[in-house]
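This report looks at how one helix takes part in both the interior and the surface of a chain. The sequence and the structure come first, and the account of the packing follows.

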Amino acid sequence: MDSRLLATIIIFPIWLTLVLVFRRHRQWLFYYLFGAFGLTLQLIFMAEFLGLDQILVNVASFHVSLMSRAIFNIPMELLSNARFQMIATDGSSSILKLGIECSAVIESSIALSLIAFYPLFNWRQKLL
């Protein structure tokens, strides 16, 4: 079993208990902080476990290579697993690798978690 999935399975009941206790005792700041942070971590771990982050990184790398050629006229060769080989005009080359930071998984998880645990609106208003 993957260590991230195992960590998620172990941490989830503890996180859920803390969130429910803070909500029951109307400790909104702790409810919001623990809820949003915990859900963000769980969404990121699950995206990595399911391979969604690598799919999004590959899509982003494809778009970067297209834009570098079309807009900036930079010769760039797309290698496997979101790696680029950029060849400069003097003959030197650089290899760049995109990671989870470029896939928008982190930003999407944070935004979703902050909206989900914001205590002032109901679910219908949050969806809007």
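In this predicted model, the buried residues of helix 2 are Tyr31, Gly35, Ala36, Gly38, Leu39, Thr40, Gln42, Ile44 and Ala47. These buried residues pack against three other helices, namely helix 1, helix 3 (52-70) and helix 4 (105-116). Helix 2 itself has 23 residues and reaches 32 Å from its first C-alpha to its last, a span close to the 33 Å expected at 1.5 Å a residue. Just after helix 2, Gly51 takes a positive phi of about 85°.

The interior side of the helix can be followed through the largest nonpolar core, which is made up of seven residues, Trp15, Val19, Phe22, Tyr31, Leu39, Ala116 and Phe117. Helix 1 and helix 2 are the elements that give two or more residues to this core, and helix 1 gives the most, with three residues. Ala116, a member of this core, touches Leu39, Trp123 and Lys126 when residues up to four places away in sequence are not counted. A second, separate core has six residues, including Met76, Ala82, Phe84 and Leu98.

Two residues of helix 2 illustrate its two environments, and the table sets them side by side.

| Residue | Element | Relative accessible area | Class |
|---|---|---|---|
| Phe30 | helix 2 | 39% | partly exposed |
| Gln42 | helix 2 | 12% | buried |

Gln42 counts as buried because its relative accessible area of 12% falls under the 20% cut-off. With residues up to four places away in sequence left out, Gln42 touches Thr8, Phe12 and Trp15, and Trp15 also belongs to the largest nonpolar core.

Why is Phe30 classed as partly exposed rather than buried? Its relative accessible area is 39%, which lies between the 20% and 50% cut-offs, and Phe30 is therefore placed in the intermediate class. Phe30 is also part of a nonpolar surface patch of about 560 Å², made together with Ile14, Leu18, Leu29, Leu33 and Phe34. The elements that give two or more residues to this patch are helix 1 (3-24) and helix 2 (28-50), and the largest share, four residues, comes from helix 2.

Taken together, helix 1 and helix 2 each give two or more residues to the largest nonpolar core, and both helices likewise give two or more to the nonpolar surface patch.

Conventions
Residues numbered from 1 in each chain as written. Predicted model: local features only at pLDDT ≥ 70, side-chain atom pairs only at ≥ 80, totals over all residues. Heavy atoms only, no water. Patch = residues over 30% accessible without salt bridge, like charges linked within 9 Å, V, L, I, M, F, W, Y side chains within 5 Å. Areas by Shrake-Rupley, 256 points an atom, 1.4 Å probe, with all protein chains shown as cover. Salt bridge = Lys/Arg side-chain N within 4 Å of Asp/Glu carboxyl O. Buried < 20%, exposed > 50% of the residue type's maximum accessible area, 1.4 Å probe, protein only. Expected span 1.5 Å × (residues − 1). Contact = heavy atoms within 4.5 Å. Core = buried A, V, L, I, M, F, W, Y, C linked by side-chain atoms within 4.5 Å.
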